[in-house]
Amino acid sequence: PPSRHPRVAMGPLSLLLALSLLPPRGSAGWSCPPHCICASNLLSCSQANLSAVPAPLPRFAAVLDLSHNNVTRLRADWAPARLPHLHALLLSHNRLSFVSTEAFAHVPRLRHLDLSSNRLRALDENLFSDLGELEVLLLYNNEIATVDRTAFENLGRLRKLYLGQNRIARFPLELLREGTRLPQLALLDLSANRLRAVPAGELQALPAWLRDRLYLHNNPLACDCLLFQLLDRGYRRHLSAVVDFQDDLHCFLPGASSSPVKILALADKQPLNCSKAREAVLEAHLGDSVTLGCDSRWQGVRSRHWVTPGGERVLGDSGNGSVVLLANGSLQLRALRPEDAGTYACWVAGPLLNETLYVELLVHNFTLHGPHDTLNTAYTTLVGCILSVVLVLIYLYLTPCRCCCCRGAEKPPAPRDDSINSSVLSTTPNHAGGTGEPCGSHVASTGGTGQNGRFKGGGSPTVPTRQVPKAQRKVSDPDSVSSVFSDTPIVV
C-alpha cells in the first residue's frame, strides 16, 4: 500500500532523532531539575525561589547558576555525587550564612566560585582547601569580619580574590608576603572594609603585578607617612589601584576630627608633614658588588634602616656577609645573584619628619668583565678580517677561466644562435657581427669600438666577415629579455 513507503523512509530518520535525544554517556535516566533551564552542560536555576540546591544534578554539568535564590546553608551533601566537569558555580544573591568545610569535596575542578552578596560572617580554616584549581573567588558584599590564615590553603592557582564591602579589620597579609600559599595571585580587593592600618613595608615587598591591583580605597586608614609614600609612588607609576580610586583613598589624622583627608594630599601637610619619596635606578651584573646610597637631605638623622625586596629589615648591627650596612647609611651588596634584583627602601627618621628613598636594582643575567670582553672583541675582529681576505682571494683566483688565459685545445666559440642567457652572463663583449675567435688567437692590433659604442683599447684582428642569414640572427628585443627571468635554471 502507498502508506508503507513513508514508514520505510522515516524509519532511519526516527532512529537518528531518538539517538540524538538520549542523554550523554554515564547520565542515563536523568532529567532537568525542576525550576531550572538545561542547555547542553549548562544549568540555570537563577531566580527560581529555591531554598536548597535542586537534585539530582547531572554528572556532566559544567556551569551551575543558582544566583538570586533563598539558599541559606551549603552543606557537604548538596552534591551527593561527584561532579568532575563542574568548573563554574554561581551562588550570588542568596542568603548564605553557612558553608561547610566539606562543601566543595565533590567539585575538585571548580575554577570560578561566586559567593558574593550573601550573609557570610567568617572564613573558617581550610574552607577552600579542596579547590586546588580555583582561579577566581568572589566574596564581596558579605558580612565577613574574620579571615583565618588557612582559609586559602592549597589555592595555588588563585589569580583574583574579591573581598570588598565586608567588615574585615585585619587581613593576614603574611599569605602574600611568603609567596608560597598564593603564588599566582594578581588581584586582591580589600576596599570598603574596616582596615585601620596596613604594613606599608610588607606591601612594598609585594610583587609589582600585585601592588598594581591591590585595592585599599574606602577604608578608615590611619594617616601615616609610610602609607602616603607607598601610594604616592604608585600614583607616579600610574598604578590603576591608586590612579583610578585616588579620590576614595582617605585616612584619619591623629587627634583630628572625624573628617577624613585624602592620602595623596599629605605632602608637607601638618601635623605629619610627609615628604615625597625619591627613587633611583641602578644597573649591575651577576657577581658584581654594588653600593646603594641613602643620601638623605636631613642632617642629624636619628635612625635609618633598609628594607630588601623580600621584606627583610637590614639594621645597623646586622649583615650576613653578602648584605652589609655601611657606617654612612649605604647598603653594600656583594656577589650579586638574580634574586637580589628588586626595589630597596631606605627609611630615614629625620629631626622634623621622615623620608624614604627607593633604589630599583636591575641585575642583568650575565657577567661583565673588561679584559675578557676586550679579548672577545679583538678575536671577532681578527676572524672577520681573515674571512674577508679569503673571500677576496676566492673571487680573484677561483672565478671561471677567461678566453685570454685559456691554454688548452682551441675550440670554436658557440654560435650567435645560442641562448641569450649566455650572452647576458658572458664577460666577453659581443660585437655586431661575425663569430668569436678561438682562445689564444688574439694578436696585437689597433684599438676599435667595443660594445655599446665604447672605446676598446685592445681590439681583435680583422677577420673575414661571414655572411649570416638575416633570419638566423639574434635580435635584442623585449621578448628575448624575458627569457633571463624565466623558470629555466641558468647554469654557469
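Author: Helices (H or I, at least four residues) and strands (E, at least two) are DSSP runs, numbered from the N terminus. On that count, the protein has 9 helices and 26 strands. Pro84 falls outside them, in the loop between β4 and β5 (88-90). Note that the model is predicted, so local features need pLDDT of at least 70 and side-chain atom pairs count only at pLDDT 80 or more, while totals for chains, interfaces and linings use all residues. Residues are numbered from 1 along each chain as its sequence is written, and side-chain values use heavy atoms, with hydrogens and water left out.

Reader: Why is Pro84 called buried?

Author: Buried means under 20% relative accessible area, exposed over 50%, and partly exposed in between (1.4 Å probe, protein chains only). Pro84 comes in at 19%, so it counts as buried. Across the protein, buried residues make up 34% of the 492 residues.

Reader: And which residues does Pro84 touch, apart from those up to four places away in sequence?

Author: Arg59 and Arg109, where contact means heavy atoms within 4.5 Å. Pro84 and Arg109 are 25 residues apart along the chain, yet their C-alpha atoms are separated by 6.3 Å. Such pairings fit a wider count: residues 24 or more positions apart account for 60% of the contacts with a separation of 6 or more.

Reader: What makes Thr343 buried or exposed?

Author: Its relative accessibility is 11%, so Thr343 is buried. Thr343 belongs to strand β23 (residues 342-349). Beyond four places in sequence, Thr343 is in contact with several residues, among them Gln204, Arg233, Tyr358 and Glu360.

Reader: What joins the side chains of Thr343 and Glu360?

Author: A polar contact of 2.3 Å. The term asks for a pair of N or O atoms within 3.5 Å, one able to donate a hydrogen and the other to accept it, and residues adjacent in sequence count only if both atoms are side-chain atoms.

Reader: Now the backbone. What is odd about the phi of Gln47?

Author: Phi of Gln47 is near 55°, a positive value in a residue other than glycine. Gln47 sits in the loop between β2 and β3, and at 63% relative accessibility it counts as exposed. His68 also has a positive phi, about 60°, without being a glycine. It lies in the loop between β3 and β4 (73-74), and its 37% relative accessibility makes it partly exposed.

Reader: What is the peptide bond from Ala55 to Pro56 like?

Author: Cis, with omega near -5°. Pro56 is in the loop between β2 (42-44) and β3 (63-65).

Reader: How many cavities of 30 Å³ or more are there?

Author: The structure holds 1. A cavity is a set of points on a 1 Å grid over the protein atoms alone where a 1.4 Å probe fits but cannot get out, and lining residues have an atom within 4 Å of a point. Points are joined across faces, edges and corners, and the volume is the space filled by probe spheres set on them. Here that comes to about 40 Å³. The lining includes Ser322, Leu333, Arg334 and Asp340. It divides into 4 nonpolar, 1 polar and 3 charged residues, with Ala, Val, Leu, Ile, Met, Phe, Trp, Tyr, Cys and Pro as nonpolar, Asp, Glu, Lys and Arg as charged, and the others, Gly among them, as polar.

Reader: Where does pLDDT stay under 50?

Author: Over residues 415-492, for which the model has 55 contacts beyond four places in sequence. Residues 370-375 are also under 50, with 0 such contacts. pLDDT is the predictor's confidence in each residue, from 0 to 100; the protein averages 75, and 66% of the residues score at least 70.

Note on methods
On a 1 Å grid over the protein atoms alone, a cavity is a set of points where a 1.4 Å probe fits but cannot get out, and a pocket is an open set with protein on both sides within 12 Å along at least five of seven lines; lining residues have an atom within 4 Å of a point.
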